[in-house]
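Work through the following exercises with the sequence and the 3D view side by side, and try each task before reading its solution.

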Amino acid sequence: IYHFSNLSIRLVNEVCPFGELNRKIALQSEPAQHLSPQTWHQMLIDSKQKETILIDCRNFYESRIGRFFAPSEEHKIQVVCPNIRKFSSLPQWFDNYIDTLELKNKRVMAYCTGGVRCERASAFLKSRGVNDIFQLEGGIHRYIEQFPNGFFRGKNYVFDGRVAMKANDDIIAKCDFCAIDFDIYRFCANNNCGILILSCNSCTEKGYNYCCYNCQSYHQSNQNKSKICDCIAHRWNFPDALDYFNSLTNKNDNKQNINNINTNTTNNNGNNEN
């Protein structure tokens, strides 16, 4: 049991911001039919004859460490995890891919963390003519309570001190720097950045604690200690459009640059001591 240290109550227009225009569009349609975790589980099992699109309505850093998988290769299920940075970008993503994925001609199953975002997302899709659509009641949270070894593998990302809830022993993500299996998020060590990175213990010990070379350079420079990294200005709503991490700097060059700056820092410290 996780005990929260405090309680905060705020009055907001939306629990999960969807954008005012998109919210009005979604409100014109009813949300998708809710499926209990048991019915959802069985529908996935029975999806050998019906072409199905399984859509993750969460952000890319959530689906990166945990998501649903098809029961087997024989099942006609296409798992889709939009590479969006924030929920309000999902409507545009839908409009970009609704024809490519042929969502109007297939069965669509939508899920999110607790079922809140699916209400808006499924209603928005119905407003776009996607009628054969269902959503997971209670979201991933309720599903893994009943099926911890079901078709959701990895961790369920949550927005509190726990960061992620382990559903099973699967690790589906990899370290950003050495590519070993790893799924424990850390924040970029530049306090002005805040990007979540996956840096394994070994890489962290070697100094790979930053999302990019610029962040490390700024953070370790006395002159630029408070400077906001250039990468923050380029946080695209659709990271996949520019290959998120490689778009910050070339990944291999980034690791080499960080390695160089670590070496330089060590040398400088040695010179100072002498």
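A residue counts as buried when its relative accessible area is under 20%, as exposed when the value is over 50%, and as partly exposed in between, with a 1.4 Å probe and protein chains only. Helices (H or I, at least four residues) and strands (E, at least two) are DSSP runs that are numbered from the N terminus. The model is predicted, and local features need pLDDT of at least 70, side-chain atom pairs count only at pLDDT 80 or more, while totals for chains, interfaces and linings use all residues. Residues are numbered from 1 along each chain as its sequence is written, and side-chain values use heavy atoms, with hydrogens and water left out.

**Exercise 1. Describe strand E5 and its partners.**

Step 1. Begin with the whole protein chain, which holds 11 helices and 10 strands, and in which 43% of the 274 residues count as buried.

Step 2. Now find strand E5, residues 107-111, where 5 of the 5 residues are buried.

Step 3. Sort the side chains by direction: Arg107, Met109 and Tyr111 point one way, whereas Val108 and Ala110 point the other way. In a regular strand the side chains alternate between the two faces of the sheet.

Step 4. Look for the partners of E5, bearing in mind that two strands pair if DSSP finds at least two bridges between them. Strand E2 (residues 52-56) runs parallel to E5 and is joined to it by 5 bridges, with Thr52 opposite Arg107. Strand E6 (residues 133-136) also pairs with E5 in the parallel sense, over 3 bridges, and here Val108 stands opposite Ile133.

**Exercise 2. Find what surrounds Ala110 and Leu125.**

Step 1. Contact means heavy atoms within 4.5 Å. Of the contacts in the protein chain with a separation of 6 or more, 68% are between residues 24 or more positions apart.

Step 2. Ala110, in strand E5, has a relative accessible area of 2% and is therefore buried. Beyond its neighbours within four places in sequence, Ala110 is in contact with Trp40, Ile55, Cys57, Cys118, Phe134, Gln135 and Leu136. Take Phe134 from that list: 24 residues separate it from Ala110 in sequence, yet the C-alpha atoms are 6.2 Å apart in space.

Step 3. Leu125 belongs to helix H5 (residues 116-127), and it counts as buried because its relative accessibility is 2%. Apart from neighbours within four places in sequence, the contacts of Leu125 are Phe94, Leu103, Val108, Val130 and Ile133. The C-alpha atoms of Leu125 and Phe94 are separated by 7.6 Å, although the two residues are 31 apart along the chain.

**Exercise 3. Examine two charged residues, Arg153 and Glu62, for burial and polar contacts.**

Step 1. A polar contact is a pair of N or O atoms within 3.5 Å; within protein, one must be able to donate a hydrogen and the other to accept it, and residues adjacent in sequence count only if both atoms are side-chain atoms.

Step 2. Arg153 sits in strand E7 (residues 152-157), and its relative accessibility is 16%, so it counts as buried. Its side chain is joined to that of Asp170 by a polar contact of 2.7 Å.

Step 3. Glu62 lies in helix H3 (residues 60-63), and with a relative accessible area of 0% it is buried. A polar contact of 3.4 Å links the side chains of Glu62 and Thr113. Leaving aside neighbours within four places in sequence, Glu62 is in contact with Thr113, Arg117, Tyr157 and Phe159.

**Exercise 4. Compare the backbone and exposure of Val163 and Ala179.**

Step 1. Val163 is in the loop between E7 and strand E8 (164-166), and its phi is near 70 degrees, a positive value in a residue other than glycine.

Step 2. Ala179 is in the loop between E8 and strand E9 (186-187), and it has a positive phi of about 70 degrees although it is not a glycine.

Step 3. Val163, at 32% relative accessibility, counts as partly exposed, and Ala179, at 45%, counts as partly exposed too.
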